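User: I'm new to this one and would like to learn how to read it. Could you walk me through it feature by feature?

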Amino acid sequence: MRKKVGTVSEDERNEVQLLFERHNGLTELAKILTPENKELYEKLVADLGETTVKLQNWWNRMSQEYNWERDDNGHWEINFESCDILLVAPD
């Protein structure tokens, strides 16, 4: 099931889009970076952790502000073009 449960502003969309793109980039970098370069690897792990927390905090803040419908087995996604928030859950 994919169901529209809300919409965010363009500014809110832009905020999460930056975090989402950063998270994806760091995740891809983590796939190719090895722990041999200890300093860079530790910086990557710290940055990825910080970005993950910021991303989760955005979802928590927006879901409280807009009171989106929830599903214990689902998650929310954002359509970056329309700013729509979708609840994605098993049928």
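**Reading helices, strands and side chains**

Analyst: Let's start with two helices. Helix H1 (residues 10-32) packs against helix H2 (residues 38-66) at an angle of about 150°, and their axes are 9 Å apart. Keep in mind that this is a predicted model.

User: How do I turn that into a direction: are H1 and H2 roughly parallel or antiparallel to each other?

Analyst: Check the angle against a cut-off: over 145 degrees counts as roughly antiparallel. H1 and H2 are therefore roughly antiparallel to each other. As for handedness, the crossing of H1 past H2 is left-handed. Sorted by class, the residues in this contact are 13 nonpolar, four polar and seven charged.

User: Now the strands. Which strands are joined to S3 by bridges?

Analyst: Look for bridges from one strand to another. Strand S1 (residues 2-7) is joined to S3 by five bridges, and the two run antiparallel. One pair to find there is Lys4 with its bridge partner Leu86 in S3. Strand S2 (residues 75-79) also has five bridges to S3, again antiparallel. Here you can pick out Asn79, whose partner in S3 is Asp84.

User: What do S2 and S3 form, and how many residues are between them?

Analyst: They make a hairpin, with four residues between the two strands. While you're in that turn, look at Cys83, which has a positive phi of about 70°.

User: How many residues of S3 are buried?

Analyst: For burial, the cut-off is under 20% relative accessible area. In strand S3 (residues 84-88), five of the five residues are buried, so the strand is largely enclosed by the rest of the structure. You can also sort the side chains by direction: Asp84, Leu86 and Val88 point one way from S3, while Ile85 and Leu87 point the other way. Both sets are buried.

User: Why does Asp84 count as buried?

Analyst: Its relative accessibility is 17%, and the cut-off is under 20%. Asp84 is in strand S3, and its side chain is joined to that of Lys4 by a polar contact of 3.3 Å. Lys4 is also the bridge partner of Leu86.

User: And Glu42: where is its place?

Analyst: Glu42 is in helix H2. With a relative accessible area of 44%, Glu42 is partly exposed. You can use Glu42 to practise comparing sequence with space, too. Glu42 and Pro90 are 48 residues apart in sequence, and from C-alpha to C-alpha they are 37 Å apart in space.

Definitions and conventions: Residues are numbered from 1 along each chain as its sequence is written. This is a predicted model: local features need pLDDT of at least 70, side-chain atom pairs count only at pLDDT 80 or more; totals for chains, interfaces and linings use all residues. Side-chain values use heavy atoms; hydrogens and water are left out. Axes are lines fitted to C-alpha atoms, for helices over the stretch in contact, and angles run from 0 to 180 degrees between N-to-C directions. Angles under 35 degrees count as roughly parallel, over 145 as roughly antiparallel, 65 to 115 as roughly perpendicular and the rest as oblique. A crossing is left-handed if the near helix is turned anticlockwise from the far one by less than a right angle, and right-handed if clockwise. Ala, Val, Leu, Ile, Met, Phe, Trp, Tyr, Cys and Pro count as nonpolar, Asp, Glu, Lys and Arg as charged, and the others, Gly among them, as polar. Buried means under 20% relative accessible area, exposed over 50%, partly exposed in between (1.4 Å probe, protein chains only). Two strands pair if DSSP finds at least two bridges between them. A polar contact is a pair of N or O atoms within 3.5 Å; within protein, one must be able to donate a hydrogen and the other to accept it, and residues adjacent in sequence count only if both atoms are side-chain atoms.
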